[in-house]
Amino acid sequence: MRIPEVKINEIRNSTNIIDVIHNHVALKKRGKNFIGLCPFHQEKTPSFTVSEDKQIFHCFGCGKGGDVFKFLMSYKNISFIEAVQEIAEHAGIKLSFANESVSQEQTEQELLYEINVFAAKYFSNNLLISNDGEIARQYFKKRNIKASTQKTFGLGYAKPEWQDLVSLLTDNNFDLKKAEALGLIDRKTEGGYYDKFRGRVIFPIFSANGRVIAFGGRVFEADKNTAKYLNSQESIIYSKRKSLYGLYHSKDEIRRMDRAILVEGYMDLISLFQNGVKNVVASSGTSLTDEQVQLLSRFTHNIIVLFDADSAGQKAALRSIEILLKQNFEVKVVSLPEGEDPDSYIHKFGKDDFDSLVSKSKNFLEFQTEQFNKSGMLNEP
Ligand SMILES: [Zn+2]
């Protein structure tokens, strides 16, 4: 997809960089320019400057700078084309790409997205309508996940067969090498391919702007021969450390409430969401990365960590908190009663109870002191 230079200039001139940036960063007028806290590095005094005359931004702290497209690309982690499209759409400028050559890289990415969308629909149909999907429907029924919620999150089911997806991809003329690069299928030693996700419920992983970038699959019953979770490998459209499960669905509510709730697992998130707690993100069992926290910081700097006291994830939660604090998040912590996880808690006690539990959250220092007291670490020797 290539947009002619003259069109790009027209689109750039149709907007004011101040308005675009001000949607994401609080700006104050300072002389001829506007200044604010840089969204690309951590700072307490503003060194991020936007010039209305020149229609550019520049940060004197980290050196990032450029025009309005560059800002959107960095801020939203999108491509140049996507940034141009966003501004054009806003300005009501029509983009037609007829007879224009399509850039190689863009095409490559789009083909991967197409395969993921195809696979996501396949998994979803398996769950929602196929006869074989009964076992998965029973699984979600037992976990109290409604069909409408299953649709919202695009949940699915991978049959136990070894070549179901492979043959469908083949029938639909998809490039199997690309499906392999996405981690959906793998090569057999004797030649040919096999499905990597088998006998699992499927959780598609969306980018912050709603594209299917990867999949997580969970077995019904954990046993010692099978990993409980299987995740797509990294690809040119999926970087694990840069994506945050649930953010696409929860970002509006997070921005509205100016607060996010951090849970561990997919099911915790989906269960809370279904029960009306919609400002949730999940760390997927590991600790948050710097990049994930950076991503979240576009929507809020306030977070409540749901601390599951019994969980093996306790260490990961503490590590996440450390990273959140480093990036100037206001961190609060809620301990769940013994034996409960967010999923079981909201199901047993409902949203009102959950909200009141959250309203009693403690700031992290208080929480830590309490933990030390409990374990006797601050007692006199
Ligand atoms: Zn900066």
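**Exercise 1. Is Cys 38 buried or exposed, and at what relative accessibility?**

Before the solution, a word on the model. The structure is a predicted model, in which local features need pLDDT of at least 70 and side-chain atom pairs count only at pLDDT 80 or more, while totals for chains, interfaces and linings use all residues. Residues are numbered from 1 along each chain as its sequence is written, and side-chain values use heavy atoms, with hydrogens and water left out.

*Solution.* Start with the cut-offs: buried means under 20% relative accessible area, exposed means over 50%, and partly exposed lies in between, with a 1.4 Å probe and protein chains only. Cys 38 has a relative accessibility of 7%, so it counts as buried. Cys 59, at 0% relative accessibility, therefore counts as buried as well.

**Exercise 2. Describe the protein donors of the zinc ion and their arrangement.**

*Solution.* First, list the donors, which are N, O and S atoms within 2.8 Å of the metal (3.2 Å for Na, K and Ca); water is not among the atoms, so sites may look incomplete. The zinc ion has Cys 38 (SG), His 41 (ND1), Cys 59 (SG) and Cys 62 (SG) as its protein donors, at 2.1 to 2.3 Å.

Next, check the angles. Four donors count as tetrahedral if all angles lie between 85 and 135 degrees. The four donor atoms here subtend angles of 100 to 117 degrees around the zinc ion, and the arrangement is therefore tetrahedral.

Finally, turn to the sequence, where the donor residues follow the spacing C-x2-H-x17-C-x2-C. Cys 38, in the loop between strand S2 (33-36) and strand S3 (48-51), and Cys 59, in strand S4 (residues 56-59), are 21 residues apart, and this pair links distant parts of the chain. Strands (E, at least two residues) and helices (H or I, at least four) are DSSP runs, numbered from the N terminus.

**Exercise 3. Work out which parts of the chain line the largest cavity.**

*Solution.* On a 1 Å grid over the protein atoms alone, a cavity is a set of points where a 1.4 Å probe fits but cannot get out, and lining residues have an atom within 4 Å of a point. The structure holds one cavity of 30 Å³ or more, and about 50 Å³ of space lies in the largest cavity; a volume is the space filled by probe spheres set on the points, which are joined across faces, edges and corners.

Now look at the lining, which includes Phe 153, Pro 204 and Tyr 248. Helix H10 (247-257) and strand S9 (200-206) each supply at least two lining residues, and the largest share, three residues, comes from H10. At the level of domains, whose bounds come from an automatic or database domain assignment, domain 2 (104-238) and domain 3 (242-374) each give at least three residues to this lining.

**Exercise 4. Compare the settings of Asn 173 and Asn 328.**

*Solution.* Begin with the background that most residues other than glycine have a negative phi. Asn 173, however, has a positive phi near 60 degrees, and Asn 328 has a positive phi of about 60 degrees.

Then locate each residue: Asn 173 lies in the loop between helix H8 (164-171) and helix H9 (176-181), whereas Asn 328 is found in the loop between helix H13 (314-326) and strand S15 (330-335). Last, apply the accessibility cut-offs from Exercise 1. Asn 173 counts as exposed because its relative accessibility is 70%, while Asn 328, at 33%, counts as partly exposed.

Terms used:
Four donors count as tetrahedral if all angles lie between 85 and 135 degrees; four count as square planar and six as octahedral if opposite donors are over 155 degrees apart and all others between 65 and 115; anything else is irregular. On a 1 Å grid over the protein atoms alone, a cavity is a set of points where a 1.4 Å probe fits but cannot get out, and a pocket is an open set with protein on both sides within 12 Å along at least five of seven lines; lining residues have an atom within 4 Å of a point.
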